[in-house]
Structures are given as C-alpha cells and as structure tokens.
Amino acid sequence: MKHTFFVSGIGTEIGKTVSSAILTEALKADYWKPIQAGELDYSDSHKIEEWVSHPQLHIHPERHRLEHPMSPHAAAARENVQIEIKDFKTPEPVNSTLLIEGAGGLLVPLNDTITLLDLIQELQVPVILISRYYLGSINHTLLSAEVLKNRGIEVAGIVFNGEENAESKSVILDMTGLKELGCIPELEEVTPETIKQAADQLRPQLLKSLFNE
C-alpha cells in the first residue's frame with residue numbers, strides 16, 4: 001500500500017526541511033517539494049539529496065522553481081508566474097511512502113486568492129505537523145491544528161522538534177487531541193550521519209503511530 005503525507009510547519013524557520021530529511025530517512029520515503037522559492041542552487045531538494053542516505057531515495061522535481069527567496073505569491077509575481085491549484089498533481093511514489101514538503105506555514109499565499117492550505121486540501125493527503133519549542137509555539141501549533149480541523153483535513157500527528165519542553169508538549173497534545181509521532185532532537189550539525197541517527201531513534205514510534213507497525 002502506498003502512503004502520502006504532507007509535511008507542514010507551524011511557521012517559518014522551525015526546522016521543517018531537517019525534519020523532512022529525518023522523516024524521509026526513517027520511512028525510506030520519496031520526497032517532493034512542490035514549490036521552491038529562492039536558493040535554487042542549494043534547494044531543499046538538494047539538501048534532502050545530500051542528507052538522506054537510504055539507497056532507494058527518489059526526489060520528484062519541483063513544479064515551480066522561483067528565484068526570489070520570499071513568499072511564493074510574491075516571488076511568482078516578480079517573475080511573471082501565476083501559481084494555480086491545477087498546476088499540481090501528486091507524483092506516484094517509487095517507494096511505499098511519499099513525503100511532500102510545504103513552504104512555510106499553512107496560510108502562506110500561493111497567489112492572491114489561495115494558500116498552501118488550499119493545495120493540501122486539493123491533494124487530499126494527511127498532514128504531519130512539525131512543531132518547534134519556542135515562546136509562542138503553543139499558540140502557533142494550536143492555530144495550525146484548528147485551521148486544519150476546520151477545513152476537514154486529516155492530521156496524521158505532530159512531530160516535536162528541538163530541545164524538549166514537557167509542559168508545552170503536554171498542553172498541545174491535550175488541547176488538539178492529536179497523536180505524537182515522535183521528537184526530533186536539536187542537531188548540532190546536519191550531516192547524513194546525524195540525520196540517520198535521528199531517523200533510527202524516531203522510526204519505532206513513527207511506524208507505530210502512522211501504520212500500527
């Protein structure tokens with residue numbers, strides 16, 4: 001059976017790409033970044049290719065590659081590109097699992113009328129929500145969970161990223177009712193070795209929570 005998940009963060013700069021690399025390694029998954037804005041010479045897809053060492057790794061090409069490192073709607077406008085929902089079709093996974101990485105948080109605009117949330121809803125895949133411990137992260141996580149619930153989008157669970165805060169994690173899980181998929185430690189250095197080590201630690205709980213394995 002094939003499985004697809006959309007990896008979204010509670011905001012920007014919360015370690016979503018590092019988390020996606022660890023998840024890709026842990027699940028021996030394919031990876032797809034539908035929209036890349038900026039850093040085309042060292043994109044998120046390049047980082048996944050560098051960091052993930054499982055031999056079956058397959059990276060699907062981006063649908064939109066934008067030069068400016070800004071919100072997709074703004075970068076597209078500068079480059080005379082119109083991003084539309086109809087542009088996107090979920091690629092068929094080569095492996096049993098496909099991870100789709102978003103851009104920033106859920107309500108990042110893709111054009112003047114649609115957001116990343118609309119794309120997730122169109123693709124009809126469950127979300128893995130990445131939360132990071134910082135002042136305000138409870139609010140941002142609860143808001144993200146609430147907007148997903150209001151749209152009727154399935155949430156597979158939450159991955160907590162960074163140095164653990166037990167009080168924050170407890171209230172988030174209690175108030176959202178979502179499953180904890182695991183915790184990702186703060187990596188002092190991001191290398192294939194540290195990604196694999198974190199993936200090996202995450203894998204048992206991840207497989208149990210996602211697939212009852």
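**Figure 1. The largest cavity has a volume of about 40 Å³.** The model shown here and in the other views is predicted. The count of cavities of 30 Å³ or more comes to 1. The lining of the largest cavity is made by Phe6, Pro34, Ile35, Glu101, Gly102, Ala103, Leu116 and Leu119. By residue class, this lining divides into 6 nonpolar, 1 polar and 1 charged.

**Figure 2. The largest pocket has a volume of about 500 Å³.** It is lined by 22 residues, and Thr12, Glu13, Lys16, Lys33 and Asp44 are the closest to its centre. Two or more lining residues come from each of H1, strand E3 (35–37) and helix H2 (44–51). E3 gives the largest share, 3 residues. The lining of the largest pocket is made up of 8 nonpolar, 7 polar and 7 charged residues.

**Figure 3. Helix H1 covers residues 16–27.** At 1.5 Å a residue, its 12 residues should span 16 Å, and the end C-alpha atoms are 16 Å apart, so the expected and modelled spans agree. H1 is mostly covered, with 11 of 12 residues buried. The buried set runs through Lys16, Thr17, Ser19, Ser20, Ala21, Ile22, Leu23, Thr24, Glu25, Ala26 and Leu27. Lys28 sits just after H1 and takes a positive phi of about 50°.

**Figure 4. Close-up of Thr17, a residue of helix H1.** Thr17 has a relative accessibility of 13% and therefore counts as buried; the cut-off for buried is under 20%. Neighbours within four places in sequence are left aside here. Beyond them, Thr17 is in contact with Asp44, Lys47, Ile48, Trp51 and Glu101. Two of these partners also appear in earlier views. Asp44 is among the residues closest to the centre of the largest pocket. Glu101 is one of the residues lining the largest cavity.

**Figure 5. Helix H7 (residues 192–211) has a kink at Arg203.** The kink is about 45° and lies shortly before the proline Pro204. Buried residues of H7 are Ile195, Ala198, Ala199, Leu202, Arg203, Leu206, Ser209, Leu210 and Phe211. Arg203, at the kink, is thus listed among the buried residues. The buried residues of H7 pack against two helices, H1 and H2. They also pack against strands E1 (3–9), E6 (97–101), E8 (155–161) and E9 (180–184). Asn212 follows H7, with a positive phi near 55°.

**Figure 6. Close-up of Leu123 in helix H4 (residues 116–123).** Leu123 has a relative accessible area of 12% and is buried. Leaving aside neighbours within four places in sequence, Leu123 is in contact with Phe6, Trp32, Phe88, Thr90 and Ile100. Phe6 also helps line the largest cavity. Ile48 serves as a second reference point in this view. Leu123 and Ile48 are 75 residues apart in sequence. In space they are 22 Å apart, C-alpha to C-alpha. Ile48 is itself one of the contacts of Thr17.

Notes. Residues are numbered from 1 along each chain as its sequence is written. This is a predicted model: local features need pLDDT of at least 70, side-chain atom pairs count only at pLDDT 80 or more; totals for chains, interfaces and linings use all residues. Side-chain values use heavy atoms; hydrogens and water are left out. Helices (H or I, at least four residues) and strands (E, at least two) are DSSP runs, numbered from the N terminus. The expected span of a helix is 1.5 Å times one less than its number of residues. Buried means under 20% relative accessible area, exposed over 50%, partly exposed in between (1.4 Å probe, protein chains only). Contact means heavy atoms within 4.5 Å. On a 1 Å grid over the protein atoms alone, a cavity is a set of points where a 1.4 Å probe fits but cannot get out, and a pocket is an open set with protein on both sides within 12 Å along at least five of seven lines; lining residues have an atom within 4 Å of a point. Grid points are joined across faces, edges and corners, and a volume is the space filled by probe spheres set on the points. Ala, Val, Leu, Ile, Met, Phe, Trp, Tyr, Cys and Pro count as nonpolar, Asp, Glu, Lys and Arg as charged, and the others, Gly among them, as polar. The bend at a residue is the angle between axes fitted to the seven residues ending there and the seven starting there.
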